[in-house]
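Here is a friendly walk through the model shown below. Metal sites come at the start, and the fold, the cores and a few single residues follow.

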Amino acid sequence: MIQNEIRRDQIENRLVIVAPARGRRPHGVLRTSPPEQHSSKPCVLCPSRLDREPFHLILPDTRGSWRIKVVDNKFPAVSLADRRAYGLHELVVETPLPRRRFENFSVREISDILSVYAARLAVMRQTRKLRYAAVYKNVGELAGSSLPHAHSQIIATVVVPPAVQSRRARFKLAWRRRRHCPYCALARAEKKGARRIGESPGSVAFAPHAAAFPFEAWILPSSHRTSLTEFNNQELQGAATLLKKIVGFLARRRLAYNVVLDELFGAKEMHLAIKVLPRGTFWAGLELTNGVIVNPISPEVAAAEYRRFFTK
Ligand SMILES: [Zn+2]
Ligand SMILES: [Zn+2]
């Protein structure tokens, strides 16, 4: 008989019921999302529209145009002009080409995107009053994507979300009690275990013990890093290599996903995690009532499937 198991994520303080008995067949229980189609007309992120916009940063290409461009979100959730929702909300347009899909980006292109995140985070950290930033990317409709043109978003705010405050408290507690960083320890442990997905210079990828989503994957820096801004070029490339493999796997299975990372400015005791959250399941009544999440695919099975895909 397949055993279900209640697991706890100690840092996020979250319970997950890993329930393979509900799924049985890993493929039968997940909702797929067809690849998004860019319309034949230019969208708001296409160069013909975007070239008139002011920008925060561009990476130029060799022909005098741009490869990556950062602009203000035209429909911001927060803004420096809004006293009651103060912050920054930017879009990172990852390619001028409308039909390019993230899973087909090269390692170099993904590493460039990560370096653009780092550059913007460095500026936001210096912006008056801002204390926290979240970087996220939505791929596929089930992941909340509304524009097929490849892009990601960065939001920086004055308020620190309660979940982030409690995560920080847990990092602090670990330092105080055991003089160690829990994620440095986690990176070392998962590198060898059954949930290992892969390794690259500077980072390790694995399926977390209390994964909330089927095929959830985390990329952790092997050494203590609080922010992407602390990564050197080799570490950016290493993280990009793992990210490319993970999203390649998810694209093959037509799973929508979010890529997320965040940073509490100046919280040196915290350890960065780049999380890939596939959205093949809907959160239902249980999740919305008490935050307990049911995941029908065990992280150990997920990691084994990732490894099999990588060795092909
Ligand atoms: Zn477009
Ligand atoms: Zn650490």
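In this predicted model, the 4 donor atoms around the zinc ion (ligand 1) subtend angles of 101 to 125°, and the arrangement is therefore tetrahedral. The donors are His 38 through NE2, Cys 43 through SG, Cys 46 through SG and His 149 through ND1, at 2.1 to 2.4 Å. Read along the sequence, these donor residues follow the spacing H-x4-C-x2-C-x102-H. Two of the residues named here, His 38 and Cys 46, are buried.

The zinc ion (ligand 2) is held by Cys 181 (SG), Cys 184 (SG), His 224 (ND1) and His 271 (ND1), at 2.0 to 2.3 Å. Its 4 donor atoms subtend angles of 106 to 115°, which makes this arrangement tetrahedral as well. As a reference for your own geometry checks, the ideal angle for four tetrahedral donors is 109.5 degrees. The sequence spacing of the donor residues of the zinc ion (ligand 2) is C-x2-C-x39-H-x46-H. Within this site, Cys 181 and His 224 link distant parts of the chain: Cys 181 sits in the loop between α4 (162-178) and α5 (182-190), His 224 in the loop between β10 (217-221) and α6 (233-252), and 43 residues separate the pair.

Is Cys 181 buried or exposed? With a relative accessibility of 3%, Cys 181 counts as buried. His 224, at 24%, counts as partly exposed, because the buried class ends at 20% relative accessible area.

Now for the chain as a whole. It contains 8 helices and 13 strands. The radius of gyration is 19 Å, close to the 20 Å that the globule rule gives for 312 residues, so the chain is as compact as a globular protein of that length. Along the principal axes, the C-alpha trace spans about 60 × 45 × 40 Å. Of the 312 residues, 52% are buried. The accessible surface comes to about 15,300 Å², and carbon and sulfur atoms account for 52% of that surface. If you count contacts between residues at least 6 apart in sequence, 68% of them join residues at least 24 apart.

What does the nonpolar interior look like? In soluble globular proteins, nonpolar side chains tend to be buried together. Here the largest nonpolar core has 56 residues, and the members that touch the most others are Tyr 117, Phe 215, Leu 228, Ile 246, Leu 250 and Tyr 306. Helix α6 gives the most to this core, with 9 residues. Tyr 306 is in contact with Ile 197, Phe 215, Ala 217, Ile 246, Phe 249 and Leu 250, leaving aside its neighbours within four places in sequence. A second, separate core has 18 residues, among them Val 160, Cys 184, Val 204 and Leu 264. Cys 184 is also one of the donors to the zinc ion (ligand 2).

Several single residues are worth a look in your viewer, and the table collects their places and accessibilities.

| Residue | Place | Relative accessibility | Class |
|---|---|---|---|
| Asn 13 | loop between β1 (5-9) and β2 (14-18) | 39% | partly exposed |
| Asp 112 | helix α3 (residues 107-126) | 10% | buried |
| Arg 179 | loop between α4 and α5 | 64% | exposed |
| Ala 207 | loop between β9 (203-206) and β10 | 0% | buried |

Backbone angles pick out two of these residues. Most residues other than glycine have a negative phi. Asn 13 has a positive phi of about 55° although it is not a glycine. Arg 179, again not a glycine, has a positive phi of about 55°.

The two buried entries can be placed by their contacts, leaving aside neighbours within four places in sequence. Ala 207 is in contact with Arg 195, Ile 197, Glu 216, Pro 299 and Ala 303. Between Ala 207 and Ala 185 there are 15 Å in space, C-alpha to C-alpha, for a separation of 22 residues in sequence. Asp 112 is in contact with Leu 59, Arg 67 and Ile 68. Asp 112 and Arg 67 are 45 residues apart in sequence, with 9.2 Å between their C-alpha atoms.

Methods:
Residues numbered from 1 in each chain as written. Chains lettered and ligands numbered in written order. Predicted model: local features only at pLDDT ≥ 70, side-chain atom pairs only at ≥ 80, totals over all residues. Heavy atoms only, no water. Donors = N, O, S within 2.8 Å, 3.2 Å for Na, K, Ca; no water. Tetrahedral: all angles 85-135°; square planar, octahedral: opposite > 155°, others 65-115°. Buried < 20%, exposed > 50% of the residue type's maximum accessible area, 1.4 Å probe, protein only. Helix = DSSP H or I, 4+ residues; strand = E, 2+ residues; numbered from the N terminus. Rg over C-alpha atoms; globule rule 2.2 N^0.38 Å. Contact = heavy atoms within 4.5 Å. Areas by Shrake-Rupley, 256 points an atom, 1.4 Å probe, with all protein chains shown as cover. Core = buried A, V, L, I, M, F, W, Y, C linked by side-chain atoms within 4.5 Å.
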